[in-house]
Amino acid sequence: MGQAPVGQKRDRAAGPARPSPRLRVVLAPLVLAVLPFFALLWVAVGQAPRSTHAAIEAHLVSQARLIAELVDNEIETHTTLGQGLAASPTLVENDLDGFRLVLRAALHGLPGAFAMLFDEQARAIVGSQQSSVGPAAPSAIAHIHERARNTGEAQVSSLFMDAFGSGLIVGAVDG
């Protein structure tokens, strides 16, 4: 009853199976509904590395700005300190022992900091502590002395090696 002959079953099994028209009607909208989801997923997966890269780049720029601000604050602190020391009555009166005490007191709150007073020929006159740092390079000191004379303003050199190559120095001269 209702059974197909054995030969027909074999023919259906041998050929490709085709979905019924009713199944096509149900599957077509389902595929069309899911297709945008996969397209969106494809775009999101492609954007993820770019988004991560942009976030890392923004973080690094933020960190660089923070470091630059900290360095600027340190330079400002030391420049202000140098200007105050240059106006010290002990230095004006050429009281080098008194100036050494003022220098040490001024640097007390700055761990690891030290200062040396050089003349225009780069000879160390007085320092805040005994140091293994040698004299400054005469050209670096002469350069900032000349700039200070010409501008009348305090000058700060770039970082340079002392004459013995044993330490880094930043020169500062009050105008």
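**Buried and exposed residues around helix H4**

Me: In this predicted model, why is Thr90 called buried?
Reply: Thr90 has a relative accessible area of 16%, and since buried means under 20%, Thr90 falls on the buried side of that cut-off. Thr90 lies in helix H3, which covers residues 89–92, and, not counting residues up to four places away in sequence, Thr90 touches Asp95, Gly98, Phe99 and Val102.

Me: What makes Val102 partly exposed?
Reply: The relative accessibility of Val102 is 30%, and because partly exposed is the class between under 20% and over 50%, Val102 belongs to that class. Val102 is found in helix H4, and, leaving aside its neighbours within four places in sequence, Val102 is in contact with Leu85, Ser88 and Thr90.

Me: How do you know that the length of helix H4 agrees with what its residues should span?
Reply: Helix H4 has twelve residues, 96–107, which at 1.5 Å a residue should span 16 Å, where the expected span is 1.5 Å times one less than the number of residues. The end C-alpha atoms of H4 are 16 Å apart, so the two values agree.

Me: Which residues of H4 are buried, and how do you know that they are on the same side?
Reply: The buried residues of H4 are Gly98, Phe99, Leu103 and Leu107. They cover an arc of only 160° around the axis, and therefore they are on the same side of H4. In general, an α-helix has 3.6 residues a turn, so residues three or four places apart point the same way.

Me: What covers the buried residues of H4, and which exposed residues does the face turned away carry?
Reply: The cover includes helix H2 (21–86), helix H3, strand E1 (116–118) and strand E2 (124–127), whereas the face turned away from the buried side carries the exposed residues Asp97, Leu101 and Ala105.

Me: Why is the pair of Phe37 and Phe38 called edge-to-face?
Reply: The structure holds one aromatic pair. Phe37 and Phe38 form that pair, with 5.5 Å centre to centre and 65° between the planes; because rings pair if their centres lie within 6.5 Å and planes over 60 degrees apart count as edge-to-face, the pair of Phe37 and Phe38 meets both conditions.

Me: Is Phe38 then buried, partly exposed or exposed?
Reply: Phe38 has 49% relative accessibility and counts as partly exposed, because exposed would require over 50%.

Conventions
Residues numbered from 1 in each chain as written. Predicted model: local features only at pLDDT ≥ 70, side-chain atom pairs only at ≥ 80, totals over all residues. Heavy atoms only, no water. Helix = DSSP H or I, 4+ residues; strand = E, 2+ residues; numbered from the N terminus. Buried < 20%, exposed > 50% of the residue type's maximum accessible area, 1.4 Å probe, protein only. Contact = heavy atoms within 4.5 Å. Phe/Tyr/Trp six-rings, centres within 6.5 Å; stacked < 30°, edge-to-face > 60°. Arc of directions from axis to C-beta.
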